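Welcome to a short set of exercises. Have a look at the model below, try each task on your own, and then compare your reasoning with the worked solution.

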Amino acid sequence: MSGEAGNAIAAPRSSVSWLGDIRTVRILRYVFGSTLAMTVAMGFDWPLAFLTPVLTLSFLGTKTPRPTVKSLVTFVLVIVGACTMGLLVGLLVWYPGVFLLTLALVLFQLFYAKAGGAPPLLITWTLIAVLLIPILASLSDALALVVAGYLAFGSAVAVLVVWLSHIIVPDPHLDAVMAPAPPAAKPLAGAARVSLAALSTLVVFPLAGLFLATQKADAILILVFVAILTLQPSLAAGYKAGIALIVGNVIGGLASMLFYDLLVVVPEFSFMVLLTLFCALVFASGLFSDSKWAPLFGMAFSTVLLIIGSTTSSFGEADTKASTRVFQITIAVVYAVVAFNAVKSLLPRRTS
């Protein structure tokens, strides 16, 4: 998600700011924003707080200039609307047949919109809301309402951190105004768009039905992660690209296990903040490099924050270890890669 940066300039300057070149600025902003988001989320520790740092990375992990205030506010309003939709769909969980049909239609529409060029970040978090909230509603209406409220609250905190990060660590003058946004994925149309939407729906929907039937709330992270992965363009590129997804998340999983073990040795909040800062520096340096593996660093760091946040939060399961979360996420990635490519081979070949 991107927008126009700041106000008009008064006089031209070089593309180097007092903070350094554009790569250095992006690294510093990524480090500052991710550390601040993790500090706030784990410090106040509201339900689903661990999603806030991950959402923050979704904004700061790109090379786009500063989003406008309007675009950030719009994002929060869309998340509020998505949470409301999740609550409405959740009213149908006591009628399983109607609920599953409705969920399938909603999933298809979201994937169809994504294939047509809708903003990936908005689709991702709308997808999380319409999957997470209704399934939690099958456990408790009150729980679903709390989750919906805090998911919207967390998105507001994330965009506030993003806005503050761009203020504290601004882009070099000309880059902020003139740098073009990275090319977006080419929107699909016709049969190709329908086919991709159907493919993604067929991957996510059976898993959602399984979680509804078993009500395994402690493993719902698998469902959320699979849904997120189905939006990755690399999945459609075949098993080779899918293996890259697995590698990126395994790297993040191993790093999170080391992070967690160090926290067990030194269980101090300040130490967790310092570890987050160090990890952010390491992964940001790789993410904002020219390496073809650069996206894996962002993926890995998101996995680290997701696992550490969900295992240290007081609203998580007290006996859940980092290794358990790593195992769950590995299952999710492997399932997404295998299921996506297996179903793809059964559907008619898409044409653009």
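**Exercise 1. A loop proline**

Does proline 172 count as buried or exposed, and what is its relative accessibility? Work out also where it sits in the chain.

*Solution.* Please keep in mind throughout that this is a predicted model.
- Step 1: Locate the residue. Proline 172 belongs to the loop between helix 6 and helix 7 (173-178).
- Step 2: Apply the cut-off. Buried means under 20% relative accessible area. Proline 172 has 0% relative accessibility, so it counts as buried.
- Step 3: Look for a partner far away in sequence. Isoleucine 22 is 150 residues from proline 172 along the chain, yet their C-alpha atoms are 6.3 Å apart in space.

**Exercise 2. The overall fold**

Describe the secondary structure of the protein and how its contacts spread along the sequence.

*Solution.*
- Step 1: Count the elements. There are 13 helices and zero strands. The pattern along the sequence is therefore α-α-α-α-α-α-α-α-α-α-α-α-α.
- Step 2: Consider burial. The protein has 352 residues, and 49% of them count as buried.
- Step 3: Turn to the contacts. Taking contacts between residues at least 6 apart in sequence, 79% join residues at least 24 apart.

**Exercise 3. The nonpolar core**

Which residues have the most contacts inside the largest nonpolar core, and which helix gives the most to this core?

*Solution.*
- Step 1: Start with the core itself. It has 107 residues, and those with the most contacts inside it are Phe75, Trp125, Leu127, Leu131, Leu223 and Phe301.
- Step 2: Assign the contributions. Helix 5 (residues 120-137) gives the most to this core, with 14 residues.
- Step 3: Zoom in on one member. Leaving out residues up to four places away in sequence, leucine 127 touches Leu107, Leu110, Phe111, Ala227 and Leu231.
- Step 4: Set this against a general tendency. In soluble globular proteins, nonpolar side chains tend to be buried together.

**Exercise 4. Residues in three helices**

Compare serine 34, alanine 192 and leucine 274: which helix holds each one, and is each buried or exposed?

*Solution.*
- Step 1: Serine 34 is in helix 1 (residues 22-44). With 0% relative accessibility, serine 34 counts as buried. Setting aside residues up to four places away in sequence, serine 34 touches Leu57, Leu60, Thr276, Ala280, Phe301 and Leu305.
- Step 2: Alanine 192 is in helix 8 (residues 190-214), and its relative accessible area of 1% makes it buried. Glycine 116 lies 76 residues from alanine 192 in sequence, with 9.9 Å between their C-alpha atoms.
- Step 3: Leucine 274 is in helix 11 (residues 269-287). At 52% relative accessible area, leucine 274 is exposed, since exposed means over 50%. The C-alpha atoms of leucine 274 and threonine 35 are separated by 8.4 Å, with these positions 239 residues apart along the chain.

**Exercise 5. Positive phi in a loop**

Find the sign of phi for aspartate 45 and for leucine 48, and say where these residues lie.

*Solution.*
- Step 1: Recall the background. Most residues other than glycine have a negative phi.
- Step 2: Check aspartate 45. Its phi is positive, about 55 degrees, although it is not a glycine.
- Step 3: Check leucine 48. Its phi is also positive, near 65 degrees.
- Step 4: Place them. Aspartate 45 lies in the loop between helix 1 and helix 2, and leucine 48 is in the loop between helix 1 and helix 2 as well.
- Step 5: Add burial. Aspartate 45 counts as buried at 14% relative accessibility, and leucine 48 counts as buried at 15%.

**Exercise 6. A cavity**

What lines the second largest cavity, and which helix gives the most to the lining?

*Solution.*
- Step 1: Survey the structure. Two cavities of 30 Å³ or more are found, and the second largest has a volume of about 50 Å³.
- Step 2: List the lining. It consists of Leu48, Leu51, Thr52, Leu55, Trp125, Tyr150, Leu151, Gly154 and Ser155.
- Step 3: Map the lining to elements. Helix 2 (51-60) and helix 6 (141-168) are the elements that give two or more residues, and helix 6 gives the most, with four.
- Step 4: Sort by chemistry. The lining of this cavity has six nonpolar residues, three polar and no charged.

Terms used:
Residues are numbered from 1 along each chain as its sequence is written. This is a predicted model: local features need pLDDT of at least 70, side-chain atom pairs count only at pLDDT 80 or more; totals for chains, interfaces and linings use all residues. Side-chain values use heavy atoms; hydrogens and water are left out. On a 1 Å grid over the protein atoms alone, a cavity is a set of points where a 1.4 Å probe fits but cannot get out, and a pocket is an open set with protein on both sides within 12 Å along at least five of seven lines; lining residues have an atom within 4 Å of a point. Grid points are joined across faces, edges and corners, and a volume is the space filled by probe spheres set on the points. Ala, Val, Leu, Ile, Met, Phe, Trp, Tyr, Cys and Pro count as nonpolar, Asp, Glu, Lys and Arg as charged, and the others, Gly among them, as polar. Buried means under 20% relative accessible area, exposed over 50%, partly exposed in between (1.4 Å probe, protein chains only). A nonpolar core is a set of buried Ala, Val, Leu, Ile, Met, Phe, Trp, Tyr and Cys residues joined through side-chain atoms within 4.5 Å. Contact means heavy atoms within 4.5 Å.
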